[in-house]
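Trainee: I would be grateful for a close look at a single residue in this structure and at what surrounds it. Please set that residue against the chain as a whole.

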Amino acid sequence: MTSNAQGNENGGSQVAGRAINIEEYEALLATMPSVRESSEAASVLTADDYFKVVRKQDTRPAFWKFQDVRETLDRLAEEPLREAERRFCTTVNADTGELVGASPFIFIGWQLIHPGEEVPPHRHNSVAIYHILEGSGFTAVQSAGSTWAKYHWEKGDTLACPAWAYHAHYAEGDADTLMYVVQDMPMMAASRTLFWEEPLGQENIRHMVVGTSPSWSVTRHDGAGQEEG
């Protein structure tokens with residue numbers, strides 16, 4: 001049963017994890033089930049049993065040839081830019097398992113942006129470091145509260161975007177922009193503390209766990225990444 005189905009069964013909202021108001025909460029409180037025994041997910045392990053399962057497989061070195069990354073980006077470059085879409089790929093070490101990182105807690109991505117295109121304003125609570133391999137343009141970033149700035153970049157420049165800061169990328173000039181992106185996203189996802197907002201709006205803030213959203217943006221409805229329930 002998916003999270004959405006569980007929410008509906010208990011009188012909850014149809015969108016798992018969405019914000020609710022006080023009236024909705026009070027209606028839920030009157031009908032929500034009571035739990036007085038240890039729950040199904042709760043277990044008790046001895047120290048010996050715990051250390052048998054807490055140890056994870058070590059990771060082998062992972063090496064990627066840029067030619068392989070470039071081939072994927074070239075395929076994406078031929079596609080039209082859909083709403084809330086990215087020409088983006090990521091390099092994953094298979095030994096990281098469900099963490100899906102280049103290393104257990106590190107995400108490495110490659111983002112291609114054609115001249116005149118933008119990556120719409122959004123934010124996430126993972127830190128993002130953008131190194132510009134090709135192209136020129138700027139990134140609009142929320143610095144603190146209502147303070148914003150446009151950071152103009154070209155080949156060789158690096159921008160560190162703080163966690164939970166709004167930002168948007170704009171490619172200028174005549175050549176494609178290629179960004180090398182490093183984030184701590186796998187660590188946030190592993191601890192079930194990854195949050196994303198796209199498009200702008202408090203109603204679009206999502207806790208990024210199974211059942212809350214098929215992708216990073218709530219505007220994507222093409223089934224990409226849709227979980228089965």
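Mentor: The account below begins with the chain, turns to one threonine, and ends with a surface patch and two cysteines.

The model is predicted. Its chain has 229 residues, of which 32% count as buried. The secondary structure comprises 5 helices and 11 strands. Among contacts between residues at least 6 apart in sequence, 61% join residues at least 24 apart. The accessible surface amounts to about 14,300 Å², and carbon and sulfur atoms account for 55% of that area.

The residue chosen for the close look is Thr-139, which lies in strand β5, a strand covering residues 136-144. Thr-139 has a relative accessibility of 1%, and it counts as buried because that value is under the 20% cut-off. Two polar contacts of the Thr-139 side chain can be described. One is with the side chain of Trp-153, at 2.8 Å. Another is with the side chain of His-169, at 2.9 Å.

Trp-153 and His-169 also appear in the wider list of residues in contact with Thr-139, which leaves aside neighbours within four places in sequence. That list further contains Ala-149, Lys-150 and Tyr-151, together with Leu-159, His-167, Ala-168 and Met-179. For Ala-149 a separation can be given as well: Thr-139 and Ala-149 are 10 residues apart in sequence, and their C-alpha atoms are 8.3 Å apart in space.

A surface feature may be set beside this buried site. Ile-20, Ile-22, Tyr-25, Leu-29 and Met-32 make a nonpolar surface patch of about 460 Å². Within this group, Met-32 is placed in the loop between α2 (22-31) and α3 (47-54). The relative accessibility of Met-32 is 39%, so this residue counts as partly exposed, a class that lies between the 20% and 50% cut-offs. Thr-139, by contrast, is buried at 1%.

The cysteines complete the picture. A disulfide is a covalent bond between the sulfur atoms of two cysteines. The structure holds 0 disulfides. Cys-89 has a relative accessibility of 12% and counts as buried because this is under 20%. Cys-161 is likewise buried, with a relative accessible area of 1%.

In summary, Thr-139 is a buried residue of strand β5, and its side chain makes polar contacts with the side chains of Trp-153 and His-169.

Definitions and conventions: Residues numbered from 1 in each chain as written. Predicted model: local features only at pLDDT ≥ 70, side-chain atom pairs only at ≥ 80, totals over all residues. Heavy atoms only, no water. Disulfide = S-S within 2.5 Å. Buried < 20%, exposed > 50% of the residue type's maximum accessible area, 1.4 Å probe, protein only. Patch = residues over 30% accessible without salt bridge, like charges linked within 9 Å, V, L, I, M, F, W, Y side chains within 5 Å. Areas by Shrake-Rupley, 256 points an atom, 1.4 Å probe, with all protein chains shown as cover. Salt bridge = Lys/Arg side-chain N within 4 Å of Asp/Glu carboxyl O. Helix = DSSP H or I, 4+ residues; strand = E, 2+ residues; numbered from the N terminus. Polar contact = N/O pair within 3.5 Å; in protein donor to acceptor, adjacent residues only side chain to side chain. Contact = heavy atoms within 4.5 Å.
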